[in-house]
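Please open the structure in your viewer and keep the selection panel at hand. The stops below go from the whole chain to one helix and then to a pair of side chains.

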Amino acid sequence: CEDLLAVGRWRRVDPPFVARRSSSSDFAGPSPEAHSNWLKVLGMDDSQVTRVLGLDRRLLTCSVEENCKPTVQWLQELGLDDLQIKRTILRHTGFLWLSVEKNLKPKVQWLRDLGMDDS
């Protein structure tokens, strides 16, 4: 990258904004503690909780009660056990904030329609 900068092909561009400190009033979403406590109930340790919350910050904008719990309940209905659910969350954090009805169920149905089985 430095070589390309030296020959003039690329140039550094500073962002057109100035970073500002956020105040507690800037974040009106659910508390991070609610997510942390819920993940611990699922059997995750502190390092796993930190990893999950750090992988996809959108998780902090959704409700544990309205988004996360229904998703885990749906995974249980699909036949996943607690360990499988924990591993799934650790590997694919982003799906927790997706709608079960509008996103996840239609995708699973689409896969079934293509001939994939539930195993």
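Display the accessible surface of the protein chain in this predicted model: the surface comes to about 9,000 Å², and 52% of that area belongs to carbon and sulfur atoms. Of the chain's 119 residues, 25% count as buried.

Switch next to a cartoon, where the protein chain shows six helices and zero strands, running α-α-α-α-α-α from the N terminus on. Taking the contacts between residues at least 6 apart in sequence, 61% join residues at least 24 apart.

Now select helix H5, residues 82-91, and within this helix pick out the buried residues Ile 85, Lys 86, Ile 89 and Leu 90. If you look down the axis of H5, these buried residues fall within an arc of 135°, so they line one face of the helix. An α-helix has 3.6 residues a turn, so residues three or four places apart point the same way. Add helix H2 (32-41), helix H3 (46-55) and helix H4 (64-77) to the selection, since the buried residues of H5 pack against these elements. At the start of H5, show the side chain of Asp 81, one oxygen of which reaches to within 3.1 Å of the backbone nitrogen of Leu 83.

Finally, select Cys 62 and Cys 68. Why do these two sulfurs not form a bond? The sulfur of Cys 62 has its closest cysteine sulfur in Cys 68, at 3.9 Å, which is too far for a bond, given that a disulfide requires sulfur atoms within 2.5 Å. Both residues are buried, Cys 62 with a relative accessible area of 6% and Cys 68 with one of 0%, and a search of the whole structure finds zero disulfides.

Note on methods:
Residues numbered from 1 in each chain as written. Predicted model: local features only at pLDDT ≥ 70, side-chain atom pairs only at ≥ 80, totals over all residues. Heavy atoms only, no water. Buried < 20%, exposed > 50% of the residue type's maximum accessible area, 1.4 Å probe, protein only. Helix = DSSP H or I, 4+ residues; strand = E, 2+ residues; numbered from the N terminus. Arc of directions from axis to C-beta. Contact = heavy atoms within 4.5 Å. Polar contact = N/O pair within 3.5 Å; in protein donor to acceptor, adjacent residues only side chain to side chain. Areas by Shrake-Rupley, 256 points an atom, 1.4 Å probe, with all protein chains shown as cover.
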